[in-house]
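Subject: Structure handover

Hello,

Here is the structure I promised to pass on. Please open it first, then read my notes below.

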Amino acid sequence: MTPERIVAAALELTARHGLDSWTLRQLAGAVDAYPAVIYHHVGDREAVVSAVVDRVIGMYPLPPEHLPWREWFRSLFGELRLVLTQYPGVARRLAVNGPNVNAATPTIDRGMRILLNAGFGHEAAAVYRFLSAVACQYISLEDERSRQTDLIARNSEAWSRSRDDAEWPGLAAMSASIHEVTSDPARAENYFKDEFDYAIERCLDGVERRLESLR
């Protein structure tokens with residue numbers, strides 16, 4: 001029995017059930033040991049969760065430093081989403097608590113240096129936190145919605161019925177938009193990614209305008 005084996009089993013449970021949906025007893029069963037063994041090698045559930053988050057943070061590749069700042073963050077968050085959506089609940093944990101310093105050091109150091117070199121100056125840290133929070137929150141939202149597909153489908157169907165409502169033109173426009181997505185299998189399949197990409201691009205637009213003001 002090793003800490004690595006325990007964390008690997010916790011990663012598998014997280015991928016199958018979500019970070020908040022497995023117990024220490026289930027983890028002990030997965031490694032064929034008593035819970036006391038988990039405590040001895042890693043610690044309590046919080047310690048195991050922290051180790052899982054650290055391990056996940058190390059899974060995505062960092063974009064190369066030579067990229068322009070906007071392209072660098074677009075690439076980073078694309079890679080981040082691919083990894084975090086495989087481990088539901090980790091994105092929410094990161095959005096609420098932030099990452100462990102040691103695990104996140106390579107990402108934060110490179111991202112901050114890129115922002116500083118771009119000219120964000122004393123606002124670089126605020127920009128980094130803002131963009132990271134938006135990315136993690138959208139991924140967390142995807143985690144939650146992915147587990148409630150039947151409810152989302154019923155709600156989408158209900159909302160799409162108002163697309164011809166002349167009395168409420170704003171509602172009709174929103175309803176038509178929902179119908180366009182739900183009636184197109186390809187768009188429905190890519191809905192979360194498209195929403196995520198749109199949110200990131202609009203945030204980058206705003207940050208770019210701020211950079212122009214700072215200059």
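Let me start with the core. The largest nonpolar core in this predicted model has 51 residues. Leu27, Trp69, Phe73, Phe77 and Phe120 have the most contacts inside it. Many helices feed this core. At least two residues come from each of H1 (3-17), H2 (24-30), H4 (45-57), H5 (69-84), H6 (90-97), H7 (101-118), H8 (124-146) and H12 (191-214). As general background, nonpolar side chains tend to be buried together in soluble globular proteins.

Leu27 is a good residue to click on. Leave aside its neighbours within four places in sequence. Leu27 is then in contact with Ile6, Ala9, Ala10, Leu13, Trp22, Ile38 and Val48.

Now the overall picture. The protein has twelve helices and zero strands. From the N terminus on, the elements therefore read as α-α-α-α-α-α-α-α-α-α-α-α, by the helix and strand assignment. The C-alpha trace spans about 65 × 50 × 25 Å along its principal axes. There are 215 residues, and buried ones make up 35% of them. Take the contacts with a separation of 6 or more: 69% of these join residues 24 or more positions apart.

How far does the predictor trust the model? The average pLDDT is 93. 100% of the residues score at least 70. Confidence is highest in H5, at a mean of 97. Confidence is lowest in H9 (residues 149-159), at a mean of 82.

Next, one helix pair. H6 and H8 pack at an angle of about 145°. Their axes are 8 Å apart. The crossing of H6 and H8 is left-handed. From H6, the residues that take part are Ala91, Arg92, Leu94 and Ala95. They meet Cys136, Gln137, Ile139, Ser140 and Asp143 in H8. By class, this contact has five nonpolar, two polar and two charged residues.

Asp143 deserves a second look. Is this residue of H8 buried or exposed? Asp143 is buried, because its relative accessible area is 5% and the cut-off for buried is under 20%. Apart from residues within four places in sequence, Asp143 is in contact with Leu84, Thr85, Pro88, Gly89 and Ala91.

Two serines come next. Ser175 is found in helix H10 (residues 169-182). Ser175 is buried, with a relative accessible area of 0%. Beyond its neighbours within four places in sequence, Ser175 is in contact with Trp159, Ser160, Arg161, Ser162 and Arg163.

Ser156 lies in helix H9. At 18% relative accessibility, Ser156 also counts as buried, because the limit is under 20%. Which residues does Ser156 touch, not counting those up to four places away in sequence? The answer is Ile178 and Thr182. Ser156 and Ile178 are 22 residues apart along the chain, and their C-alpha atoms are separated by 6.7 Å. Bear in mind that H9 is where confidence is lowest.

Then there is Met112, which lies in helix H7. With neighbours within four places in sequence left aside, Met112 is in contact with Ala124, Ala125 and Tyr128. Met112 and Tyr128 are 16 residues apart in sequence. In space they are 7.0 Å apart, C-alpha to C-alpha.

Last, two loop residues. Gly58 lies in the loop between H4 and H5. Gly58 is exposed, with a relative accessible area of 61%. Follow the chain 45 residues on from Gly58 and you reach Ala103. The two are 6.8 Å apart in space, C-alpha to C-alpha.

Asp32 lies in the loop between H2 and helix H3 (35-41). What is the phi of Asp32 near? The value is near 55°, which is positive in a residue other than glycine. For context, most residues other than glycine have a negative phi. Asp32 is exposed, with a relative accessible area of 71%. That figure puts Asp32 in the exposed class because the class begins over 50%.

If you want an order for viewing, try the core around Leu27, then the H6 and H8 pair, then Asp32 in its loop.

Best wishes

Methods. Residues are numbered from 1 along each chain as its sequence is written. This is a predicted model: local features need pLDDT of at least 70, side-chain atom pairs count only at pLDDT 80 or more; totals for chains, interfaces and linings use all residues. Side-chain values use heavy atoms; hydrogens and water are left out. A nonpolar core is a set of buried Ala, Val, Leu, Ile, Met, Phe, Trp, Tyr and Cys residues joined through side-chain atoms within 4.5 Å. Buried means under 20% relative accessible area, exposed over 50%, partly exposed in between (1.4 Å probe, protein chains only). Helices (H or I, at least four residues) and strands (E, at least two) are DSSP runs, numbered from the N terminus. Contact means heavy atoms within 4.5 Å. pLDDT is the predictor's confidence in each residue, from 0 to 100. Axes are lines fitted to C-alpha atoms, for helices over the stretch in contact, and angles run from 0 to 180 degrees between N-to-C directions. A crossing is left-handed if the near helix is turned anticlockwise from the far one by less than a right angle, and right-handed if clockwise. Ala, Val, Leu, Ile, Met, Phe, Trp, Tyr, Cys and Pro count as nonpolar, Asp, Glu, Lys and Arg as charged, and the others, Gly among them, as polar.
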